[in-house]
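Here are my notes on this one, as numbered points. Have the model open while you read.

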Amino acid sequence: MLFADAKILALVGIVLIAILLRKYLQTQDPSLRFPVVGDAKTLDIRAALEEGNRKYPNSSWRLPLPDPIVIIPRWAAGEIKSLAENKISLNKEIFIRMLGRFTMLGEDDDEMVAVVKQDLTRALPNLFETIVDEVKFGLNNILRQGASKETEPQELSLYENMARVIALVSGRIFVGLPLSRDEHWIYSSITYTSEGVTVAESPVLRPYSPFVRWLISPFLSQVRSLRKHQAFIREKVKPLIADHLEKRQQGTTEKRDSSNGKFLDWLLARYKYEVDATRIARDYLLVAAGAIPIASGLLSQVLLELATRPQHAQTLRKELNDVIGKTGWKHAALAELQHLDSFLKETQRLNPHVLAMMPRRVMSPITLSNGETLQPGTSVAVSNHSINTSAELYPKPLEFQPDRFYELRRTCSAQDQRKYLFSNSTLEFMNFGYGTHTCPGRNFASDELKIIVAYLLSNYDFELVSKSKPDNWTLGIVQIPDPTAKLRFTKRAPIRELEI
Ligand code: HEM
């Protein structure tokens, strides 16, 4: 009994020391020397970003989040954008902020990123038919269930249904049929990231030192749930890897249909050493974390914005009809949908997923051209919210102008044409990030979003269920559409061959 008490006392002592050590280390935080703007208690950082931008347009300041972030001026993004990982790191920042030891978010994933950036992007024209096929399946899956539904208006919770369509399309490309339509696979692909965020934000885990977290974590149901998803994905990819290796031995991998696991071929080819199912499963979860939640959020925002502008939906339908009449419904048509491209970009400008962009952890001292030195350990970001709402960059910045970027493209020089494209990233528009880590999946995202919106516009009229577009939810540096938002869909006569 005495021995057991001593053990408990020792454990409590260790925990106390770990807490005190963490408190001490917090006082050594290199970001503390920057001035603070904003209220530590609010989850909505937009007002702080506006005030900080006004007060310190050319120097850095600090957002008082539980893990403080130093906001550097926009021009400084140009100075850090191409620095090596040992100078400033995206992965390290995510790993620390998202408790990567438990969530895996932020683990190094060079091979997966290279596959998305190069192999997937290069293959997009060939993947058009596959994406179209899966979009039709996905939309049919959530709409028109039963004959009466064909004519009756149907109310849908937007985010969860769009996440399902995006997960189906992503899965079709990443793992192919039949696995991509397995309900458990879809569920794990969608929920892994949101459960990861819950773990990262957990009040019983986050405030403590790594040692205490390690002690507590086995008892947390959320951590155990993440482990279950990891184990499930690992078991599911094992036969895919075995199949791939067998085909490779027979020299038949190149004959694989793109809808059935080409992504895995690319991934395995990128590894210089033999990899196991654990590593591949991790890559799938990480690519799903990049591909599903943000694209589902933006798709929901686009539909909500469109539902409030039925007259503009008509402009987009006319464009679809004209372009398909001229080009046919193939990959090349997507580049011609310029009003739609502009609508996606304007939606993203006013409903960005990330309010403080380019989150990075400083790894070795960096001196900016204003003389400020960022010390190792500092977490930095750029105020994306201030860029998106800058009156200098975007006249009448808070006004939603569907054709804002369409007009900019129409009137700019030939060499600036690409600048205003939805998938392009610049110092003036960084909603896909900026620099070395600019989202590698943005061209894929652009294709899938355009295809989904095209089919919805073609086959449905849609309107808000609420009186106006529900306010976005802001949670620290992230912003999401109201997850309870609903749209009412009513079947209409489809445009040309765009029938689902
Ligand atoms: C509308 C949809 C999307 C948006 C708005 C978006 C946005 C972003 C942003 C802001 C970053 C961080 C960039 C930075 O810090 O500089 C990022 C990184 C990343 N995204 Fe996306 N993304 C989208 C869709 C996708 C898709 C569909 C995929 C996969 C097919 C993907 C894969 C990734 C990956 C792998 C990274 C990490 C890049 C790296 O580590 O260098 N994303 N994305």
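1. Start with Leu99, which sits in the loop between α4 and α5 (100-103). Phi of Leu99 is near 50°, so to speak on the unusual side of the plot only in that this is a positive value in a residue other than glycine. Keep in mind that this is a predicted model.

2. The helix just before that loop, α4 (residues 90-97), lies across β3, β5 and β8. Against β5, helix α4 runs at about 95°.

3. Those strands belong to an open sheet of five, in the order β1-β2-β8-β5-β3, and the pairing is mixed. At the edges are β1 (61-63) and β3 (88-89), each of which pairs on one side only.

4. Follow the β1 edge inwards and you reach β2 (residues 69-72); the two run antiparallel and are joined by three bridges. If you want a pair to click on, take Leu63, whose bridge partner in β2 is Ile69.

5. A second helix to look at with this sheet is α2 (residues 46-55), which lies across β1, β2, β5 (356-362) and β8 (379-383). Its angle to β8 is about 85°. Both α2 and α4 lie across β5 and β8.

6. There is also an open sheet of three strands, ordered β4-β12-β9, and here the pairing is antiparallel. Its edge strands are β4 (154-157) and β9 (460-464), each pairing on one side only. From one strand to the next the twist averages 30°.

7. Within that sheet, β4 and β12 (residues 486-491) pair in the antiparallel sense over four bridges. Ser157 is a handy marker: it stands opposite Lys486 in β12.

8. One peptide bond deserves a look: the one from Leu177 to Pro178 is cis, with omega near 0°. Where does Pro178 lie? It is in the loop between α7 (158-174) and α8 (183-201).

9. Now the ligand. Which of the 25 residues around the ligand come nearest? They are Gly290, Gly433, His437, Cys439 and Gly441. Elements giving two or more residues to the shell are α6 (110-142), α12 (277-291), α13 (293-307) and α19 (442-459). Sorted by class, the shell has 16 nonpolar, eight polar and one charged residues.

10. On domains, the assignment gives domain 1 (1-33) and domain 2 (110-354 + 394-427 + 431-491). The C-alpha centres of domain 1 and domain 2 lie 42 Å apart.

11. Last, the overall picture. The secondary structure comes to 19 helices and 12 strands. The radius of gyration is 24 Å, close to the 23 Å that the globule rule gives for 500 residues, so the protein is as compact as a globular protein of that length. Along the principal axes, the C-alpha atoms fill a box of roughly 80 × 60 × 45 Å.

Key. Residues numbered from 1 in each chain as written. Predicted model: local features only at pLDDT ≥ 70, side-chain atom pairs only at ≥ 80, totals over all residues. Domains from an automatic or database assignment. Pairing = 2+ DSSP bridges. Contact = placed C-beta atoms within 7 Å. Axes fitted to C-alpha atoms, helices over the stretch in contact; angles between N-to-C directions. Near = placed C-beta within 6 Å. Nonpolar A, V, L, I, M, F, W, Y, C, P; charged D, E, K, R; others polar. Rg over C-alpha atoms; globule rule 2.2 N^0.38 Å.
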